[in-house]
Every structure is written in structure tokens, then in C-alpha cells.
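Please work through the exercises below with the sequence and the structure open beside you. Try each task before you read its solution.

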Amino acid sequence: MKLTIHRGSHEIGGTCIQIESGSRSILLDAGSPLGESRSDIDLARLDFNDIFISHPHQDHFGLIENLPPDKPVHIGETACQLIAATRVFLGKPPLANTFSQLRNREWVELGPNLRVMPYLMDHSCVDAFGLLVEADGKRVYYSGDFRAHGRRKKTFDWFLADPPRGIDLLLMEGTMIERENDAFPDEDAVEKGMLKVLRQLDDRACFLICSGQHIDRLCAAFSACIQAGRIFVTDIYTAYILRTVFDRFPSIPDINTAKNIRVLTKGITAKAHYQKVSANRGYFGAFARDIFRPETMIDIAEIVAEPYRYFLKISYFSDLLERLEQCGVIYSMWSGYLKEPKHQGIKQHPKVDFREIHTSGHAVREDLQRMAVALQPKRLVPVHTENGEAYRNLFGNSVVFLRDGETLEI
Ligand SMILES: [Zn+2]
């Protein structure tokens, strides 16, 4: 078995790993780099049969649109639907790839001597998997991105209780190996933090800035919103993401079943989103009507009349901000993204009381250690990290460093 990290050995994001066994070869992730990358990948020049996408974050799947359409792409069912939905809202054509569903702990057989088993993990998106690759009598486990402090932290307990055995090599992410996550250590703390702010700022509207596909975070926000006695207002895109996940996980708040969710159907953002819904009615089905039910839709005039009643997850709210005297903004993403001018503009706006409430989507040091202890790998290779050298302090001499493009025989 041969292992090559084409990209992602010394950076966070842009991950692309290849494993070859005899005449067969697979890719684990094909991500777009985040920011400045040290290396470029031309997927067309790589020779492989199948590709496995650990989870639906751009830095893990972003390059699949460049693949020949007949290469099988193995990915979670809802992950695939969310990627498709985002493309519709961005006005991009559907992906032409051939998709195949990953199911938790079910082998994907790729020939007499190569197979892959996905392990469902907790991360800041749905359908996040670690991937066990077995070939030539050897076993490699790729952690994907994971954590043990989200709403699906039980998946990590299940993993520790029954981990894959006999691991020759572990490829483990280390986004947080040199970062702290103390202010809000888990999603429960995020929910409590949001509730506190919603109660403190009970005389004004509060806005939420977070990823529209971070379902744990949307659930935490919705729960805090309900406890604070407010109404959760989303844009059309967020409502559709919730609908997509709700179809598989009925505990997710959806406009048809949850009380106190409304959809902003007028204004700049709504217009842009609705144009996409209107142009793709067959794709959106009943959703295109559901958002216009009187008990679901809300407009800006209603919000401006009684702003303190609402907690709003909508993109581009600067037009609404102009019409409010003051508001709260809960920023719930990685603090590194705060440098972006659009966020700085909001943070420094004189009407805004700006609060940061966030917990990481990635495992803290203790949980990285728990994974390594459970798997007992013969060798451990850092990936998805800017601090590979810190692995040696935690994991000792089993750590092996690979450069992007370098091949290791296993
Ligand atoms: Zn991720």
C-alpha cells in the first residue's frame, strides 16, 4: 500500500490524500485550499479509481467538480444534498459526478483487496466521516475533521468504545493542537451563551452570523431563541438547508413543524434567493409554497415594528440595520474570519452590540489524544494542521512527517 498526501500535510484545508494498492487507487478528499496554499493539485493528472469525501466542507470536497463525471464519488447522502442545494442558490449548474452513498460502518468494497469503512463523527456539519482503508493486509485510518464536543458527541463515545483495530497508520487532523477552546467549550455552552445575550439585549433585535450549514449551531441558536421567548427568522436559503436536513432528521427545526420560525420573504436577500427558488420549482417542490404561508412569512416592516421579538439568521442585513435604532449581533464562527471587511463593518457599526460566541468544529488536544490511544497506530501522520511539530510532544516517536507530494510505503 502506498500513501501520498498531495495537499494538506502542513496546512488547514485543501486536503487531498491518495492511497494505492496494486492496480487500484483511491483519493480521500479533494478540497479547495483555504487562503494561501503551498501547493497546487491538478486532479486530472492523478490516476485513481474512486474518491471518498469525508464531509461537505469546501476544503474537503471543493475540487470534485473538476473530476471526470464517471469517477465514483462516495459521500454521505445529506452531505450530497446540501452541496447540491448550495449550488442552486449560487446559480451554478448541478454537479455531473456519479455519487455513491456512504453509510456509517458499512464497508465499501472496491475489489478483492481494497475496501473502505466510514465512521460517523461529530463535526461542524452533517455527514462527517472518518475513513478506514484496508488493503494488502494493512489498515490506514483517516480521521477527517472531527470533534467530541458537539451535539453528536456520542458518535465519538461509540468510536472509542469500538474503534477499528490493527491500525498501521493514522492520518489525524490537528487544527486545534495549538489552539484553545475554553471560552465556550461545547455547543451547550454556545446555546447558554446565546440565551444570556438574547436576554440581556431584550429591547432590540439580535442577528446571528454563522455558517448556514452548521446544523448544530442553528439548533443551538433556535433553542436559545425559543427559551428567550423570541421568534427565529431565517432567510430562504437557511430555511431550505433546515428542510433538507429535517427530511432525514425530524428533530431539526423546520418551518412546517416547529413553532416560532419565520422566513424573511422580502428585501434584497430574499429577492436573490427567491429568484433561484422560482427558477427551479421542480427541485424545490412544496418548499416553494411553504415559505409563503401566512404563518411562515415575515417582512421587514413587521421586524422593524417590534424588533426585540426576533433573533435573525439572514445574510446581508445591512438594509435592515439602517431601519433599526440598535441591535445585537452574535458572531458564531472562527475568530480568524472576523478579519474580513464585511464582518469588521458590522463589528464597528455604531448601532451594533457585537458579541462573539463560538466553539470549535475541531477536536481539542485531549480528544486528539483519546483518538490516538483508542487506535494505537503504529505510525501517526499529521494532516490538516499548521503545527505538525506539536504532534511529537503529544504522541512521541510514532509521529511521521510527510511533505505534500511525498509517497510513503506502508
Ligand atoms: Zn470540516
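**Exercise 1: a histidine in a helix**

Task: Decide whether H273 is buried or exposed, and find which residues H273 is in contact with beyond its neighbours within four places in sequence.

Solution: Begin with the accessibility, keeping in mind that this is a predicted model. The relative accessibility of H273 is 11%, and because buried means under 20% relative accessible area, H273 counts as buried. Next, locate the residue along the chain: H273 has its place in helix α7. Finally, list the contacts, leaving aside the neighbours within four places in sequence: H273 is in contact with F89, D235, I236, Y237 and S315.

**Exercise 2: the zinc site**

Task: Name the protein donors of the zinc ion, describe how the donor residues are spaced in sequence, and work out why the site counts as irregular.

Solution: First, identify the donor atoms, which are NE2 of H55, ND1 of H57, NE2 of H123 and OD of D145, lying 2.2 to 2.4 Å from the zinc ion. Second, write the spacing of these donor residues in sequence as H-x1-H-x65-H-x21-D. Third, place two of them among the elements: H123 lies in the loop between β8 (114-121) and β9 (128-135), while D145 lies in the loop between β10 (138-142) and α3 (154-161), so this pair ties together parts that are 22 residues apart in sequence. Fourth, check accessibility, where H123 is buried at 0% relative accessibility and D145 is buried with a relative accessible area of 2%. Fifth, turn to the angles among the four donor atoms, which run from 89 to 169°. Four donors count as tetrahedral if all angles lie between 85 and 135 degrees, and because the range at the zinc ion reaches 169°, the site is not tetrahedral by this rule and is classed as irregular.

**Exercise 3: salt bridges across the chain**

Task: For the salt bridges of R151 with E191 and of D216 with R152, state where each partner lies and whether each is buried or partly exposed.

Solution: Start with R151 and E191, whose side chains meet in a salt bridge at 2.5 Å, N to O. This pair links distant parts of the chain, with R151 in the loop between β10 and α3 and E191 in helix α4, 40 residues apart. R151 is partly exposed, with a relative accessible area of 36%, whereas E191 is buried, with 14%.

Continue with D216 and R152, whose side chains meet at 3.1 Å, N to O. D216 lies in helix α5 and R152 in the loop between β10 and α3, 64 residues apart. D216 is buried at 5%, whereas R152 is partly exposed at 24%. As a last step, follow the shared partners: salt bridges join D122, R147, R152, E187, D216 and R217 into one network.

**Exercise 4: the nonpolar core**

Task: Work out why the largest nonpolar core lies between two domains.

Solution: First, note that this core has 47 residues, and that M194, L208, I215, I236, F284, F287 and F311 touch the most other members. Then look at the elements that give two or more residues to the core, including α2 (77-90), α4 (187-200) and α7 (268-279). Domain 1 (2-179 + 361-409) and domain 2 (187-356) both give residues to the core, so it lies between them. A second, separate core of 26 residues includes M1, L28, V116 and F129.

Notes
Residues numbered from 1 in each chain as written. Predicted model: local features only at pLDDT ≥ 70, side-chain atom pairs only at ≥ 80, totals over all residues. Heavy atoms only, no water. Core = buried A, V, L, I, M, F, W, Y, C linked by side-chain atoms within 4.5 Å. Buried < 20%, exposed > 50% of the residue type's maximum accessible area, 1.4 Å probe, protein only. Helix = DSSP H or I, 4+ residues; strand = E, 2+ residues; numbered from the N terminus. Domains from an automatic or database assignment. Donors = N, O, S within 2.8 Å, 3.2 Å for Na, K, Ca; no water. Tetrahedral: all angles 85-135°; square planar, octahedral: opposite > 155°, others 65-115°. Contact = heavy atoms within 4.5 Å. Salt bridge = Lys/Arg side-chain N within 4 Å of Asp/Glu carboxyl O.
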